[in-house]
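Ready for a few exercises on a model you haven't met before? Have a go at each task before you read the solution under it.

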Amino acid sequence: MTALPQTTAKKLGLVIDLDTCVGCQACATSCKEWNTQGYSAPLADEDTRGADPHGPWLNRIHGYEVEDTNGKDSRVVHFPRSCLHCETPACVTVCPTGASYKRAEDGIVLINPDTCIGCKLCSWACPYGAREYDVQEGVMKKCTLCVDRIYNENFEPEDRQPACVKACPTGARHFGDLGDENSAVSQLVKARGGFDLLPEMGYKPTNKYLPPRAKRDTPQAGIEALPKGDGSAMDRLFKLADRLLSGN
Amino acid sequence: MNPAYSVILFTTASGAGYGLLALLGLTSTSVGQSPSLGFAIVAMVIALGLITIGLLSSTMHLGHPERAWRALSQWKTSWLSREGVAAIVSYPFALAFGVTWAGLYTAPDAVAPLGFITAALSLVTVFTTGKIYATLKTIRAWHQPLTVPVYLFFALASGSSLHLALSALFGRDPGAIAPVALIALVTLAFLKFLYWRAIDAAPREHTMANATGLGANVRQWEVPHTTKNFVQREMGFVVARRHASRLRGLFFIVLLCAGLLELAASLIPMLSLAGFVLMFIAAWVERWLFFAQGEHVVTLFYGNAQA
């Protein structure tokens with residue numbers, strides 16, 4: 001049903017650390033790999049060897065450049081973007097069939113691929129671009145928070161995490177219950193000042209982002225000044241070598 | 001937003017169909033059974049035909065048309081579901097009205113109530129269509145108080161224009177429909193003018209800074225994929241402002257010509273046929289612009305500074 005649950009027992013979600021993400025795309029590829037055989041299977045791409053390869057991916061890694069406030073320096077921030085499993089998601093309430101729903105037990109937003117009619121209205125309602133249309137299947141696809149991993153008793157307990165979290169080589173992705181203020185992820189959000197994307201839109205995203213830390217070095221610090229010549233034989237030899245190597 | 005032709009066809013065709021149906025129903029409440037069987041049958045077939053073509057066009061546009069019946073289930077939360085329910089519910093009333101109004105089944109007492117119910121359900125259906133767009137907070141140009149009134153007056157203006165054209169074909173006096181058509185057209189032009197003024201003035205309050213949380217000095221460095229993905233194809237369609245202002249001008253000129261033809265039709269009735277053609281062209285231009293100018297918040301993640 002597309003009516004939202006009043007509250008959810010848990011608020012499972014991700015905490016993404018923009019400070020340590022290196023933009024390696026491991027989370028995106030492991031997401032695609034898992035989900036093309038799991039709940040969202042198949043997750044096929046179109047024109048894979050042609051000029052216009054495209055298809056549904058449930059996790060996309062953007063790159064942004066952020067300039068210092070004084071305009072003297074800039075840094076690149078890698079920015080993974082997937083479903084934020086909002087507390088009040090408009091994508092669910094606009095769904096005419098009830099294929100989109102939010103689970104009362106853990107807050108995961110899912111699409112039932114057997115009842116989705118592929119009208120795409122949910123993708124219009126989502127401000128985060130979390131839902132993508134699967135042309136071959138004729139239904140919408142989105143992040144399932146690896147619902148088929150996190151409760152999977154065939155896995156060792158430490159593997160019962162979303163594929164993207166397991167794949168991240170820098171530990172920039174954390175999974176847990178954001179509804180429990182004592183959980184490791186909630187503590188992390190508190191300690192690092194985790195924030196919501198587009199908070200003013202009021203969809204109350206569960207996933208949180210941790211801001212990049214302040215830079216510790218300045219652009220000039222790493223550059224060594226050239227030593228002044230002292231006129232010694234060795235110094236004249238180096239100057240000769242420099243002239244010959246420079247070709248003048 | 002990507003202006004999909006199936007959705008433009010659906011909203012313009014069903015709008016004209018429901019507008020015509022509403023006017024036929026409303027006039028029957030005072031006039032009663034149609035004096036001309038031929039006019040009644042043709043008018044009903046055209047009204048229901050336009051509605052059906054529109055509904056089929058939008059159904060065929062689905063990924064799974066065979067599951068479309070499921071869309072009737074979530075009327076408690078979804079305006080798209082409500083639109084489906086309103087459309088389905090209006091069919092039997094419209095058919096019963098058409099049969100009694102045309103005189104195929106003689107029930108003079110039933111004509112007026114059935115006509116009134118049909119008119120009400122027709123307008124409710126158009127209202128729900130407008131609401132689907134007006135309730136999307138992600139698209140500033142749609143999330144406007146004038147979106148729904150524009151949809152309603154488009155239905156009335158194109159429906160009455162169609163009514164005039166059919167009356168001319170059957171050599172009938174359109175009666176009160178002639179002034180109604182002009183009033184609807186002028187109101188529509190005024191509402192659309194106010195709507196465009198409103199979306200131009202509406203603050204673009206969502207920013208790339210709020211979308212990424214990375215502050216005011218953020219800009220796109222690289223996109224996550226080499227070719228356009230679904231989100232960019234569907235939501236990233238942005239028409240150049242210069243292009244838009246020309247199309248707005250074209251809309252008003254075509255609408256003005258349609259209005260002049262409707263006025264002149266009181267002397268030469270057949271001109272109302274050309275009037276309807278121009279009205280429908282104006283509807284297509286307006287609907288295409290409605291989609292093309294719908295700037296989606298998700299574009300903030302793809303380099304758009306404000307939405």
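**Exercise 1. The fold of chain B**

What share of the contacts in chain B with a separation of 6 or more comes from residues 24 or more positions apart? While you're at it, list the secondary structure of chain B in order and check its radius of gyration against that of a compact globule.

Solution. Keep in mind that this is a predicted model.
- Start with the contacts: residues 24 or more positions apart account for 76% of those with a separation of 6 or more in chain B.
- Next, the elements. Chain B has ten helices and one strand, and from the N terminus the order is α-α-α-α-α-α-α-β-α-α-α.
- Now the radius of gyration. A compact globule of 307 residues would come out near 19 Å, and chain B has 21 Å, so the two agree.
- For the extent, the C-alpha trace of chain B spans about 70 × 45 × 30 Å along its principal axes.
- Last, burial: 50% of the 307 residues in chain B are buried.

**Exercise 2. A helix under the ruler**

Work out what span helix α5 of chain B should have, and compare it with the distance between its end C-alpha atoms. Is α5(B) mostly covered or uncovered?

Solution.
- Helix α5(B) takes in residues 147-169, which makes 23 residues.
- The rule multiplies 1.5 Å by one less than the number of residues. That gives α5(B) an expected span of 33 Å, and because its end C-alpha atoms are 33 Å apart, rule and model agree.
- As for cover, 20 of the 23 residues of α5(B) are buried, so mostly covered is the right call.
- Look just past the helix too: Gly171(B), right after α5(B), has a positive phi of about 60°.

**Exercise 3. Odd backbone spots in chain A**

Which residues does a cis peptide bond join in chain A? Then look at Gln25(A) and Cys146(A), and decide whether each is buried or partly exposed.

Solution.
- First, the usual picture: most residues other than glycine have a negative phi, and most peptide bonds are trans.
- The cis bond sits between Ala41(A) and Pro42(A), with omega about -10°. Pro42(A) belongs to the loop between α1 (26-35) and β2 (59-67) of chain A.
- Gln25(A) isn't a glycine, yet its phi is positive, near 70°. You'll find Gln25(A) in the loop between β1 (12-17) and α1 of chain A. It has 17 C-beta neighbours inside 10 Å, so Gln25(A) counts as partly exposed.
- Cys146(A) also has a positive phi, about 50°, and lies in the loop between β7 (139-141) and α4 (147-150) of chain A. Here 26 other C-beta atoms are within 10 Å, so Cys146(A) is buried.

**Exercise 4. Where the chains meet**

How many residues of chain A are in contact with chain B, and which element of chain A gives the most to that side? Follow that element to its strand partners.

Solution.
- Count the contacts: 49 residues of chain A touch 43 residues of chain B.
- On the chain A side, β2(A) gives the most, with eight residues.
- By type, that side of chain A holds 28 nonpolar, 13 polar and eight charged residues.
- Across the chains, β2(A) runs antiparallel to strand β1 (residues 218-222) of chain B, joined by four bridges. One partner pair is Gly63(A) with Glu222(B).
- Within chain A, nine bridges join β2(A) to β3(A), again antiparallel. Asn59(A) is partnered there by Ser82(A).
- The hairpin of β2(A) and β3(A) has six residues between its strands, and Gly71(A) in this hairpin takes a positive phi near 75°.

Conventions:
Residues numbered from 1 in each chain as written. Chains lettered and ligands numbered in written order. Predicted model: local features only at pLDDT ≥ 70, side-chain atom pairs only at ≥ 80, totals over all residues. Helix = DSSP H or I, 4+ residues; strand = E, 2+ residues; numbered from the N terminus. Rg over C-alpha atoms; globule rule 2.2 N^0.38 Å. Buried ≥ 20, exposed ≤ 12 C-beta atoms within 10 Å, placed from the backbone. Contact = placed C-beta atoms within 7 Å. Nonpolar A, V, L, I, M, F, W, Y, C, P; charged D, E, K, R; others polar. Pairing = 2+ DSSP bridges.
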